[in-house]
Amino acid sequence: MPSFDIISEFDPHEVKNAIDQASKEVGTRFDFKGTDSSFELTEGKVIMISESTFQLQQMFSIACAKLSRRGVDIACMEVGDAKGSGKLMRQEITLKQGLDSAFAKKIVKLIKDKKLKVQAAIQGDQVRVTGKKRDDLQEVIQMLREEKLEMPLQFENFRD
């Protein structure tokens with residue numbers, strides 16, 4: 001029976017490379033000379049530190065450009081508020097990976113509303129879609145790509 005999995009992932013190595021490139025660019029740009037601006041990459045989070053909110057916005061645009069060039073979809077980012085402590089401002093960017101249960105239920109509901117002859121089942125942080133015809137599965141993929149969803153989706157393990 002043909003099937004495929006719907007997931008939402010990014011390559012952590014590519015994120016590390018992109019943040020390293022962004023750090024180098026911040027270190028060499030004239031408008032950041034003499035400031036204590038830096039990126040910190042922790043498990044699933046990027047922390048931007050700078051002296052003003054304007055510089056944080058500039059750093060965010062640099063990070064977005066580097067991430068998108070590396071093939072990381074920037075829709076998986078959740079930007080926190082800028083917080084001040086002393087003379088430095090901090091802003092956290094959370095990188096979301098995997099489908100949470102509410103979002104997976106939303107995907108299953110979208111598939112069921114389409115009235116195709118496929119079954120969608122939530123399996124941990126992914127959704128498995130099975131059907132008798134390969135064309136129905138491809139139609140589900142096309143429909144999900146056209147939807148404006150808040151997280152990027154990837155389709156893998158397509159089996160006949």
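In this predicted model, Phe-4 of strand E1 stands opposite Val-129, a residue of strand E8. The two strands run antiparallel and are joined by four bridges, with E8 covering residues 126-131. E1 also has a partner in strand E9 (residues 154-159), again antiparallel and again through four bridges. Here Asp-5 is the residue to look for, as it stands opposite Glu-156 in E9.

With these partners in view, the setting of E1 is easy to follow. In a regular strand, side chains alternate between the two faces of the sheet. In E1, Ser-3, Asp-5 and Ile-7 lie on one side and Phe-4 and Ile-6 on the other, and all of them are buried. Because five of the five residues of E1 (residues 3-7) are buried, the strand is largely enclosed by the rest of the structure.

Another antiparallel pair is found further along the chain, where five bridges join strand E2 (residues 38-42) to strand E3 (residues 45-50). Within this pair, Ser-38 has Ile-49 as its bridge partner. The two strands form a hairpin with two residues between them, and Gly-44 in the turn has a positive phi of about 80 degrees.

Turning to the cysteines, a search of the whole structure finds zero disulfides. Cys-64 is in no disulfide, and the nearest cysteine sulfur belongs to Cys-76, 9.8 Å away. That distance is too far for a bond, given that a disulfide requires the sulfur atoms to be within 2.5 Å. Both residues are nonetheless shielded: Cys-64 counts as buried at 12% relative accessibility, and Cys-76 is buried with a relative accessible area of 3%.

Charged side chains offer a further view of the fold. Side chains of opposite charge can pair when their charged atoms come close, and the count here comes to twelve salt bridges. One of them joins Arg-70 and Glu-14 at 3.1 Å, N to O. This pair links distant parts of the chain, with Arg-70 in the loop between helix H2 and strand E4 and Glu-14 in helix H1, 56 residues apart. By contrast, the salt bridge between Asp-20 and Lys-16 (3.2 Å, N to O) lies within helix H1, its residues four apart, about one turn of the helix.

Glu-150 and Lys-106 also meet in a salt bridge, at 3.3 Å, N to O. Glu-150 lies in the loop between helix H4 and E9 and Lys-106 in helix H3, so the pair ties together parts 44 residues apart in sequence. Finally, salt bridges that share partners join Glu-25, Arg-29, Asp-31 and Lys-66 into one network.

Methods:
Residues are numbered from 1 along each chain as its sequence is written. This is a predicted model: local features need pLDDT of at least 70, side-chain atom pairs count only at pLDDT 80 or more; totals for chains, interfaces and linings use all residues. Side-chain values use heavy atoms; hydrogens and water are left out. Buried means under 20% relative accessible area, exposed over 50%, partly exposed in between (1.4 Å probe, protein chains only). Two strands pair if DSSP finds at least two bridges between them. A salt bridge is a side-chain nitrogen of Lys or Arg within 4 Å of a carboxyl oxygen of Asp or Glu.
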